[in-house]
Amino acid sequence: MNVLQRIREYKLDELAAARREEPEAGLLSQAHSAGAVRGFAAALTSSAQQPALIAEVKKASPSQGLIREHFDPGALALSYERAGAGALSVLTDGPSFAGTREHLVAARSATSLPVLRKDFLFDPYQVVQSRAWGADCVLVILAVVDDSLGKDLIGTALDLGLDVIVEVHDEDELSRAVALRAPIIGVNNRDLHTFHTTLATTERLAAQVPPDRLLVGESGIATPQDVSRMRDAGCTAILVGESLLRQDDVEAATRALLAST
Ligand SMILES: O=C(O)c1ccccc1NCC(=O)[C@H](O)[C@H](O)COP(=O)(O)O
């Protein structure tokens with residue numbers, strides 16, 4: 001069984017348990033009373049930094065194991081905001097990323113930045129759950145959902161006023177994202193099977209992203225030169241986690257990454 005099959009299996013189990021604990025009607029009313037959505041796409045386009053930085057709050061990952069021993073989501077979020085990040089991405093998946101709902105809540109309440117819930121979504125229920133938890137944006141990963149489910153996830157998010165990043169890894173997924181009218185397209189530089197990252201993936205696919213969509217370059221970005229490459233490829237934003245999270249002084253590392261950009 002590969003990593004995506006394993007993730008799908010435990011997510012469906014989690015989903016069944018969540019539905020038993022919190023039926024959809026109750027969750028929907030929480031989602032509608034969760035307070036104002038912070039505009040995620042608007043924060044990317046209006047950021048003083050271009051490309052805008054979506055800074056990630058992630059304790060561990062399947063490719064790296066534990067990334068950060070001393071992990072305080074609120075303090076990390078504040079460091080990122082002070083250093084000029086335009087938005088946050090918070091992992092809420094437990095089994096593979098050691099993430100929780102509490103990480104999202106803590107990061108969002110420590111800052112005024114909009115927050116992406118970064119998780120594997122297989123059901124519109126999880127989109128409603130994301131808004132109930134306070135998320136401003138969700139991720140739809142085309143490597144793990146078909147077009148029909150992708151359309152439902154995107155539609156549910158837009159109905160709730162959320163932004164959506166539709167994530168792709170190759171030409172085929174990119175053409176599906178375009179057909180689904182995804183307003184924000186994230187190109188993930190990490191191969192989900194080998195975990196190898198190369199910025200050449202974003203550079204290759206960028207030319208096929210229509211000009212009316214926002215392009216986000218994701219994963220494997222570690223130096224100001226990498227940031228320049230993503231800008232030159234046409235990215236409105238970059239999503240960066242590990243290279244910042246491994247540093248003792250995250251605020252200084254974030255400033256340094258953005259300094260010459
Ligand atoms: O990070 C992983 O190992 C991983 C494995 C399988 C699916 C997704 C994975 N990561 C999610 C992400 O896309 C990254 O957390 C995000 O783009 C930031 O990447 P990085 O700057 O390389 O931490």
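Mentor: Let us start with the vocabulary of angles: under 35 degrees counts as roughly parallel, over 145 as roughly antiparallel, 65 to 115 as roughly perpendicular, and the rest as oblique. The model is a predicted one, in which local features need pLDDT of at least 70 and side-chain atom pairs count only at pLDDT 80 or more, while totals for chains, interfaces and linings use all residues. Residues are numbered from 1 along each chain as its sequence is written.

Trainee: Which residues does UniProt list for the domain?

Mentor: The unreviewed UniProt entry lists residues 4-257 as "domain: Indole-3-glycerol phosphate synthase"; such positions follow the numbering used here, feature names are shortened, and annotations may be inferred rather than shown by experiment. Over residues 4-257, helix makes up 47% of the chain and strand 17%, and the end C-alpha atoms lie 31 Å apart. Helices (H or I, at least four residues) and strands (E, at least two) are DSSP runs numbered from the N terminus.

Trainee: At what angle do the axes of helix 4 and helix 6 cross?

Mentor: Two packed helices are described by the angle and the distance between their axes. Axes are lines fitted to C-alpha atoms, for helices over the stretch in contact, and angles run from 0 to 180 degrees between N-to-C directions. Helix 4 (residues 73-83) and helix 6 (residues 101-110) cross at roughly 40°, their axes coming within 7 Å. The two helices are therefore oblique to each other. Their crossing is right-handed, meaning that the near helix is turned clockwise from the far one by less than a right angle (anticlockwise would be left-handed).

Trainee: Which residues of helix 4 and helix 6 meet?

Mentor: Contact requires C-beta atoms, placed from the backbone, within 7 Å. Pro73, Gly74, Ala77 and Leu78 of helix 4 meet His103, Ala106, Ala107 and Ala110 of helix 6. By class, this contact has six nonpolar, two polar and no charged residues. Here Ala, Val, Leu, Ile, Met, Phe, Trp, Tyr, Cys and Pro count as nonpolar, Asp, Glu, Lys and Arg as charged, and the others, Gly among them, as polar.

Trainee: At what angle do helix 4 and helix 13 pack?

Mentor: Helix 4 and helix 13 (residues 250-259) pack at about 35°, with axes 8 Å apart, in a right-handed crossing. Leu76, Ser79, Tyr80, Arg82 and Ala83 of helix 4 meet Val250, Glu251, Thr254, Arg255 and Leu258 of helix 13. This contact comprises five nonpolar, two polar and three charged residues.

Trainee: Which residues are closest to the ligand?

Mentor: A residue is near a molecule if its C-beta atom, placed from the backbone, lies within 6 Å of it. The ligand is surrounded by 18 residues, the closest being Ser61, Ser63, Ser219, Gly241 and Glu242. Strand 10 (237-240) and helix 12 (242-245) are the elements giving two or more residues to this shell. By class, the shell has six nonpolar, seven polar and five charged residues.

Trainee: Where should one look for backbone details, for example around Pro51?

Mentor: Pro51 lies in the loop between helix 3 (40-46) and strand 1 (52-57). A cis peptide bond, with omega about 0°, joins Gln50 to Pro51. Ala98 is in the loop between helix 5 (94-97) and helix 6, and its phi is near 55°, a positive value in a residue other than glycine.

Note on methods:
Two residues are in contact if their C-beta atoms, placed from the backbone, lie within 7 Å.
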